[in-house]
Amino acid sequence: MSTSAKLLVTGDFCPIHRMAERLGSGGETGLFGGLQSFIREADLAVTNLECPLTGPQRGPIPKTGPAMRARPEAAGFLKRAGFGLVTLANNHIMDYGPEGLRDTLEALEAEGVDWIGAGEDYEQASTPYRIRLGGLELALINVAENEWSTTTGRQPGAHPLDPVRNAQRIREAREGADVVIVISHGGHEHYELPSPRMKELFRFFIDQGADAVVNHHTHCVSGYERYRGKPIFYSLGNFVFDLPGRRNAPWNTGLALLLELSAAGVDFELIPFDQCDEQAGIVLQEGAAREETLDHLEALNAIIQDDEQLQERYRAFCRRSAKLYNAYIEPHSNRYVHALRNRGFLPYMPRSRKRCLLVNMVRCEATREGP
């Protein structure tokens, strides 16, 4: 009996703009280019569905950042492409509220695409996905940082990042599983290294029994390492995420991760590609472009292994981000403004958008993380 399996994991899938046009017009052929054969040859292909699949009848929730959604037909596209599972623990899955999530689950179930990482309550959202592949019992756990989408009780939402409760789930999944993989959604957007907190956290997941940790959310690729012989991937970048104004940039480079699972452990192959540059879809990197990406990853890996250098890079990132965070916090007020506000001539300064910014800075791990 075979005791090995191939698991393909990709980053953020958000079929909007030109991708939405291609899906809606039936022009799906060739969108994944040379990556299509890797998807179909895998025993299970997984992507992160970065938005609810719902229609214009739903309204967005109050939040910071854009509210994302895509057509329910995207579920059928994923199925035809060869994806059998989507991760839903991310910061956009609740952008259109509980009904938007339910629309998403209905669309996926109608097409026979499994899902993990979100549900009607915490218990459902946090339940590991178990499947037998190639004679191996595989358990997957999906978590997201606490940014607008997560649930901790009876309300619908995504499985939250909570090291204590996550560790419990990992240990429970370890019982009866040959391989346990944690897929995470978090980190600092557009920053190509993990923070020291993330490195410590993902190593902690390995210590609790995970055989691999895979992360996305930052919209750029990051490095990776082996800790206690087990791989940690700090960001796969975008998978399919078309945005006007984002062309030939780190946003458009992604990694497909082919995990080779066996009783002996987890090996892997990284497949670099470009997505949604001049044309919607994916083009595998070849030749010099591929070597440049892989060399850059090795440079990032060296920094990740050096705690002092990783800390200094993170401090520099915090210094670059200081003005943005100061703008969120400072009210730019004076005594005349206070007097007018106290007399009812001016509204209280933290209006709904400002309150959202402040709440997000407190509850989201990446935004409240200091140097």
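In which loop is the place of Glu50? Glu50 belongs to the loop between β2 (44-49) and α3 (74-81), where helices (H or I, at least four residues) and strands (E, at least two) are DSSP runs numbered from the N terminus. The model is predicted, so that local features need pLDDT of at least 70 and side-chain atom pairs count only at pLDDT 80 or more, while totals for chains, interfaces and linings use all residues. Residues are numbered from 1 along each chain as its sequence is written, and side-chain values use heavy atoms, with hydrogens and water left out.

Glu50 is buried (under 20% relative accessible area, 1.4 Å probe, protein chains only). The side chain of Glu50 makes polar contacts (pairs of N or O atoms within 3.5 Å, one able to donate a hydrogen and the other to accept it) with the side chains of Asn48 at 2.9 Å and His185 at 3.3 Å.

The structure also holds an open sheet of six strands, ordered β6-β7-β9-β10-β12-β11, with mixed pairing; two strands pair if DSSP finds at least two bridges between them. Because β6 (129-133) and β11 (224-227) stand at the edges with a single partner strand each, one side of each has no neighbour in the sheet. The partner of β11 is β12 (residues 230-233), paired in the antiparallel sense over four bridges, and Glu225 stands opposite Ile232 in β12.

Helix α7 (residues 196-207) lies across β9 (179-185), β10 (212-216), β11 and β12, at about 145° to β10; axes are lines fitted to C-alpha atoms, for helices over the stretch in contact (heavy atoms within 4.5 Å), and angles run from 0 to 180 degrees between N-to-C directions.

Notes: Buried < 20%, exposed > 50% of the residue type's maximum accessible area, 1.4 Å probe, protein only. Lys, Arg positive; Asp, Glu negative; His and termini not counted. Salt bridge = Lys/Arg side-chain N within 4 Å of Asp/Glu carboxyl O.
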